[in-house]
Every structure is written in structure tokens, then in C-alpha cells.
Amino acid sequence: MTNQTFNMDSQWLPFTPNRTFKNDPRVFTAANGMYFTTHDGRQVLDGISSLWCVGAGHNVKPINEAIKKQLDTLDYATAFQASNPKAFEAADMLAAMSPGDLNKVLFCNSGSEAADTSLKVALAYHRARGEGHRNVFIGRERAYHGVGFGGMSVGGIPANRKVFGSALLPRVDHLRFIHDPVHHAYINGAEPQWQEDILTELENRILPLHDPSNIAAVIVEPVAGSAGWYLPPQGYLKRLREICDKHGVLLIFDEVITGFGRLGTNFASDYYGVVPDMLNFAKAVTNGVIPLGGVICRDHLYNTIMQANDKAPEHAIEFFHGYTYSGHPVACAAAIATLTHFKSEDLFARAGSMGKVLGDTMHAALKGLPNVIGIRTLGLAGAVELSSLVGLPGKRAYDIFMTCFHKGVLVRPAGENLVLAPPYIVDKAQIDVMVGVLADAIKKHA
Ligand SMILES: Cc1ncc(COP(=O)(O)O)c(C=O)c1O
């Protein structure tokens, strides 16, 4: 269908400039494989897996069929005091594919809910151990953990917090950011090597300030995604694990973006060889087709909370938390089909190998273009960073995003960055198109 018109008056669009959207709307009416169809009948390459979700590409028949079948079998059933076979099976698959003894899956519906759920598990765990005073959370500057009050509090993107300051959690601190623009502007698949150990700040300032005995958890994205694909320094995550262990602090990895193949491995945790105490997921677990998120917890968290209730009456609930749609059978059927499809098509390995192509192409085509001050690539994702327009932060990236869209490629503006993170099914010719269109747009807005 082409040139459809809409009444756009009622929808308040998320994370979008609503005042100007109608002047030049981006409206998708269909999608298949790597491409969208727009309301005016154009084909647009999905260069960002629809916000890191659609790893397998759009309109994947086995996923669609699984959802349809589930709708005709068990459409929905309450999640409290009951469960369903698909929730058991999806949890089993997730536990089996996660590293170490990350074995207990709490389902929710989004990355934001996963963030809040993981913070609440941390509090409940420490309380169960008789350390209820551990209620300080450590996030990181420029982190994104969604938009709930917990996730926003440990998050560190200033614009996401500015208006809501008074409602943030009171006992939160932030690690410094992981980027060194002078020495690590251009990184292609490698781990940035710092001259200094940026975690000394955690040991020398943050832990003594709050006292380690009061700290519940540290939460980080293994690779900082929403801020613009910033990579951790070499050894950073391992050392963070060691520091947390030393002080009895839980470590949470928010793998909402990095989970399910983006780095060529099941999780970033596998890529970096570090097992957190909790691993948050969402997005690609269902190929984005149906909302599903969750937190995979290590055995000791679950066991501690259960054991603390040993003497409680049989009917007593151990953890007062959950969502109406936790373990929704249709979402879990979608997850089972998605994870099965990823495996049968070996798509994580493909993400790894196409990631090399994306990295090489971005560095070759974009380095040296006007205003480009950095390019960071790892796995099947990359960001090109531009100098800011004076007085108009983010404007250059926004203009480039719009131009790319008009030229048939969806890219993601993130601050002064443009991010590419295509579905794992992407081929070299499509990468050339994406990067070529991005290069032209960068030149146009010089
Ligand atoms: C690392 C991370 N955590 C949490 C979220 C929030 O997820 P959602 O939008 O599903 O609430 C995102 C979203 O991009 C994310 O990248």
C-alpha cells in the first residue's frame, strides 16, 4: 500500500520530537527480511535491527507460526500462583544458554522492568542474608537501563534524568565513563587499552564514601549501547567482578542489547569471560516480535532467598514481585522459536563474521570524513562519532539520521553518534549500502 494518510493527533510518540514529527513522519507499514516498507511505498534498510531487537531479520516464519499456534492453544493464563509449559521451556533454554550457574529466570516484559527487577532481587538477597543495610546501587555515567525509576536512577544519560531528579532513588553513585576520546577514538573490534586503571575510582572513592558494607550491587552494560557503542577497557569487566567479590557486592550485567548474539556469542558475558550475579535481557530474545524481558539469576541468589523462608508457612510467598504478563505464554512461545531459529541458522556466528565486515567497512569509509572524531566497532555494531554543532548538541546526528532515512537506510542517532547494528542476516552488499549512505549524509551535513 502506498501513500497512506493517518490521523497522527492522538499518539504521543516515545523518545521522539513530537512537535516536528508530523512534518516529515517515519511510518512503517510492513517489514520483511532486512527491509521495511514505508507508508509512502519506499523500501528502507533496517540498519539498527529495529533498536537491537530483530537479530533474525523481519517476518521470520517459524517465529510467526509459533506465535499463531500458541494463540490457538493457550492465549494467556495468569502468572501468579500458576505457570504454563512455554514459560518453563523458555526459562530452561535461557538457563542452558547462559554461562556459569545463571539458572533462575524471572520474566518480565521489557529491559526497563528487567533493570528494576534486578535491583529488587539485590535488595531482597542482601536482606535474606541479614544485610538489609546494603541498599546503595552503583551505576555508571552515560549508562542506559531503561526508564523505570530504578533503571533511571542507576542510568547516567543526563537528558533522561534531568526532569525527574527529585524522584530518583536516593542512594546511588556512578562509576566514571569508559571512553577516552584522545587515545581510543578509533577502535575496530579490539579492547581499548588504558594507561590508567579507571576502576581505582571505585576502590578509592566510591566504596570508601558509602562503605562497601552498604553497597548492594553494581550494574553495568558490558558495552555501553544507548550512549553510542562505547567499549570497555581491556580487563575492566574481570576486575569489576573481582572488586565486587572482594566486598560482597552483587554484579549485574544489563545485556538487553548485548545478549543473544550481537557480539557473536550468546552473551557479552561469554565474550568477556565474566559471569555476573544477574543478567538482564529483553529485545532479541523474541526477535522483538512480542515484548519479553527478564533477569537470569545465579543459583545462590535464589537459594538464599528461598532458605530465608525455610521456616515460613507453606503458603508464604518468598519474593513479592512479578508482572501480570511475567512468562506470558505467547511471548515465551516466541522466545522458544526465536532461540531455536538463532541456533538452527547459526546466526550468532554469522553476527560475529559479518561484524568484522561491518567494522572494516565503517573504518575504511568513514574515517577522515568531515567532523568525524571517532569510530568504534565491535561485534555486529558500530558507531561513528561527530563533533557537536556549537550550541545545538545532537543536531548534526539528527540531521544525518533524517537524510539516511530519506535515502533508504535506518540508522540510530545517539548523542553525537550514528549507530549501525543490523540484523545478523545482513550481507556485505547491504553493509556497503548502509555505510555508503551514511558516508554521503555525513558529507552533506559537513
Ligand atoms: C541496556 C539497556 N537496558 C534497558 C533498556 C530498556 O529496555 P526497554 O526499552 O525494553 O524498557 C535498554 C533499551 O534500549 C537498554 O539498551
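## Exercises on a predicted protein–ligand model

Asp346 lies in the loop between α12 and α13 (347-366). The structure is a predicted model, and the exercises below begin with this residue.

**Exercise 1. Determine whether Asp346 is buried or exposed, and describe its backbone phi.**

Solution. Step 1: a residue counts as exposed if 12 or fewer other C-beta atoms lie within 10 Å of its own. Step 2: Asp346 has 11 other C-beta atoms within 10 Å, and is therefore exposed. Step 3: the phi of Asp346 is positive, about 50°, although the residue is not a glycine. Step 4: for context, most residues other than glycine have a negative phi.

**Exercise 2. Carry out the corresponding analysis for Phe15.**

Solution. Step 1: Phe15 belongs to the segment before α1 (18-21). Step 2: its phi is near 45°, a positive value in a residue other than glycine. Step 3: Phe15 has 9 C-beta neighbours inside 10 Å, so this residue counts as exposed.

**Exercise 3. Characterise the packing of helix α4 (residues 85-97) against helix α12 (residues 329-344).**

Solution. Step 1, geometry: the two axes come within 8 Å and cross at roughly 35°. The crossing of α4 past α12 is left-handed. Step 2, participants: α4 contributes Lys86, Ala87, Glu89, Ala90 and Met93. These meet Pro329, Cys332, Ala333, Ala335, Ile336 and Leu339 in α12. Step 3, composition: the contact of α4 with α12 has nine nonpolar residues, two charged residues and no polar ones.

**Exercise 4. Establish the environment of Ile138 in strand β5 (residues 136-140).**

Solution. Step 1: the threshold for a buried residue is 20 or more other C-beta atoms within 10 Å. Step 2: Ile138 has 25 C-beta neighbours inside 10 Å and therefore counts as buried. Step 3: leaving aside neighbours within four places in sequence, Ile138 is in contact with Asp173, Leu175, Ile206, Ile215 and Val218. Step 4: Ile138 and Glu201, 63 residues apart in sequence, have a C-alpha to C-alpha distance of 12 Å.

**Exercise 5. Locate Ser226 and assess its burial and its contacts.**

Solution. Step 1: Ser226 is found in the loop between β8 (215-220) and α9 (236-247). Step 2: because 24 other C-beta atoms lie within 10 Å, Ser226 is buried. Step 3: when residues up to four places away in sequence are not counted, Ser226 touches Tyr144, Ile157 and Ala414. Step 4: Leu45 is 181 residues from Ser226 in sequence and 20 Å from it in space, C-alpha to C-alpha.

**Exercise 6. Describe the shell of residues around the ligand.**

Solution. Step 1: there are 14 residues around the ligand, of which Ser110, Gly111, Ser112, Gly146 and Val256 come nearest. Step 2: helix α5 (residues 111-128) gives the most to this shell, with three residues. Step 3: by class, the shell divides into five nonpolar, seven polar and two charged residues.

**Exercise 7. Compare the radius of gyration of the protein chain with that of a compact globule, and summarise the overall fold.**

Solution. Step 1: with 446 residues, a compact globule would have a radius of gyration near 22 Å; the protein chain has 22 Å, so the two agree. Step 2: the C-alpha atoms fill a box of roughly 65 × 60 × 40 Å along the principal axes. Step 3: the secondary structure comprises 15 helices and 16 strands. Step 4: of the 446 residues, 48% count as buried. Step 5: among contacts between residues at least 6 apart in sequence, 74% join residues at least 24 apart.

How values were computed. Residues are numbered from 1 along each chain as its sequence is written. This is a predicted model: local features need pLDDT of at least 70, side-chain atom pairs count only at pLDDT 80 or more; totals for chains, interfaces and linings use all residues. Helices (H or I, at least four residues) and strands (E, at least two) are DSSP runs, numbered from the N terminus. The radius of gyration is taken over C-alpha atoms; the globule rule is 2.2 Å times the number of residues to the power 0.38. Two residues are in contact if their C-beta atoms, placed from the backbone, lie within 7 Å. A residue is near a molecule or strand if its C-beta atom, placed from the backbone, lies within 6 Å of it. Ala, Val, Leu, Ile, Met, Phe, Trp, Tyr, Cys and Pro count as nonpolar, Asp, Glu, Lys and Arg as charged, and the others, Gly among them, as polar. Axes are lines fitted to C-alpha atoms, for helices over the stretch in contact, and angles run from 0 to 180 degrees between N-to-C directions. A crossing is left-handed if the near helix is turned anticlockwise from the far one by less than a right angle, and right-handed if clockwise.
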